[in-house]
Amino acid sequence: MGFTDFLRQLFGGRGADQRPREAVGPARPRRTPRPRTPGTDAGPDEARLAASRLPVLRDDAELAQALGLTGAELRWLTDPHRRVAGTKPHYRLLVRQKKRGIRVLLAPRPRLLRAQRWILRHLLRPLAPHPAAHGFTVGRNILTNAAPHVNREVVVRLDVENFFHQFTYRDVVGLFRALGYGLQVARSLALLTTAPQREMIHGLAERAGLDAHLIEAVTRQSRRGTRHPMLPQGAPTSPALANLLCMRLDWRLAGLARRFGATYTRYADDLTFSGGPQFRRDLRRFVPLVREILRREHLVQSPAKLHFARKGAHQRVTGIVVNAKPNTPARDYRSLRAILHNCAQTGPAAQNRGEHPHFREHLLGRIAHHAQVNPERGRVLRKRFEQIAW
């Protein structure tokens, strides 16, 4: 039995040919249930690991060897209170301005980054998330996330507040235990892939212009009590871990959508639902049920990011227009076309108003986005780009 089938049993997932179970059931803890092995709860379940084609790691010594670390280096990276690491954190704090507020990134330092990349490559990428999850998954992207919502009567989008910060050390330990790893290795893997809240809060507090209310807003967790170590936004392992930890959320929301004759997809923290006339009439009942499922999964909807778009209005999913067919917004296309034309006429330096250090690559990236969604628009933009004298 593979990992996806195992999680289906744990989370109550059902096949498409079966009648979906009640999506909003009794509240349960979000953590992945840990398999119980008679007589011991510490060692790995090698049969389960083999079924998922994951490497067997029996203890921290084998984990350190797999990561190319010494035992002392592993202890230094996994010290939960940073007693070994001293005052220097394992992450660099980066702050990015958004339209509303800020985005906080925790970028792992080189030694931890190498360990996280190994975990991502060997432990997380072999595991498939729920079919509704399209973000940070091989073979899926913003286009595959938007395509199921084309030509629908109504499209509903909402975001999860502080998405990565809601998934904690205990959740990650539970996930690695469910995969089949023993308690010691699961704890070490969780310490390698989560960050203490204080690494973020202390760094924010030292930055000028960031007051206590703003810090609270970007670090708030839905669970009450002390601040829990969380998935750091900026670590390569965080998106894959979040997708796997959302497995039960995705099963429940997909089941709820089926009950209402709707379609559900998720791209990271962006949840999208769409359906026909009956779904539009049932929205007053549907949206509160979505919020209740989020609450029971210890997640909170971002208050300012709930959007309804009926047929005939501008329907967008992860930046792609889905009214009649997947397409890029006409305004964005016309704007980029004008920039390319002006670059050819007056030179690219005069058009680099955002002062991008790599303006040529910036334009190529925007052209590639249009070409992915609408190849004809991509060809027009590419032709204009080739007329620029760099």
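Reader: How many residues does helix α15 have, and how far does it reach from its first C-alpha to its last?

Author: This is a predicted model. In it, α15 covers residues 330–346, which is 17 residues. It reaches 24 Å, close to the 24 Å expected at 1.5 Å a residue.

Reader: Which residues of α15 are buried?

Author: Tyr333, Leu336, Ile339, Leu340 and Cys343.

Reader: Why do they line one face of the helix?

Author: Seen down the axis of α15, the buried residues fall within an arc of 130 degrees, so they line one face. An α-helix has 3.6 residues a turn, so residues three or four places apart point the same way.

Reader: And what is exposed on the other side of α15?

Author: Arg331, Gln345 and Thr346 are exposed there.

Reader: What covers the buried residues of α15?

Author: The cover includes α16 (348–351), α17 (359–373) and α18 (375–385).

Reader: What about glycine 347, just after α15?

Author: Glycine 347 takes a positive phi of about 100 degrees.

Reader: Switching to the largest nonpolar core. Which residues touch the most other members?

Author: That core has 70 residues. Leu67, Ile119, Phe176, Tyr181, Phe273, Phe279 and Phe286 touch the most other members.

Reader: Which helix gives the most to this core?

Author: Helix α5, residues 110–124, with seven residues.

Reader: What does isoleucine 119 touch?

Author: Leaving out residues up to four places away in sequence, isoleucine 119 touches Leu67, Leu124, Phe176, Leu189, Leu192, Thr193 and Thr237.

Reader: Which residues does the second core include?

Author: Tyr333, Ile339, Phe359 and Ile388 are among them. This core is separate and has 11 residues. Tyr333 and Ile339 are also on the list of buried residues in α15.

Conventions. Residues are numbered from 1 along each chain as its sequence is written. This is a predicted model: local features need pLDDT of at least 70, side-chain atom pairs count only at pLDDT 80 or more; totals for chains, interfaces and linings use all residues. Side-chain values use heavy atoms; hydrogens and water are left out. Helices (H or I, at least four residues) and strands (E, at least two) are DSSP runs, numbered from the N terminus. The expected span of a helix is 1.5 Å times one less than its number of residues. Buried means under 20% relative accessible area, exposed over 50%, partly exposed in between (1.4 Å probe, protein chains only). The arc is that of the directions from the helix axis to the C-beta atoms. Contact means heavy atoms within 4.5 Å. A nonpolar core is a set of buried Ala, Val, Leu, Ile, Met, Phe, Trp, Tyr and Cys residues joined through side-chain atoms within 4.5 Å.
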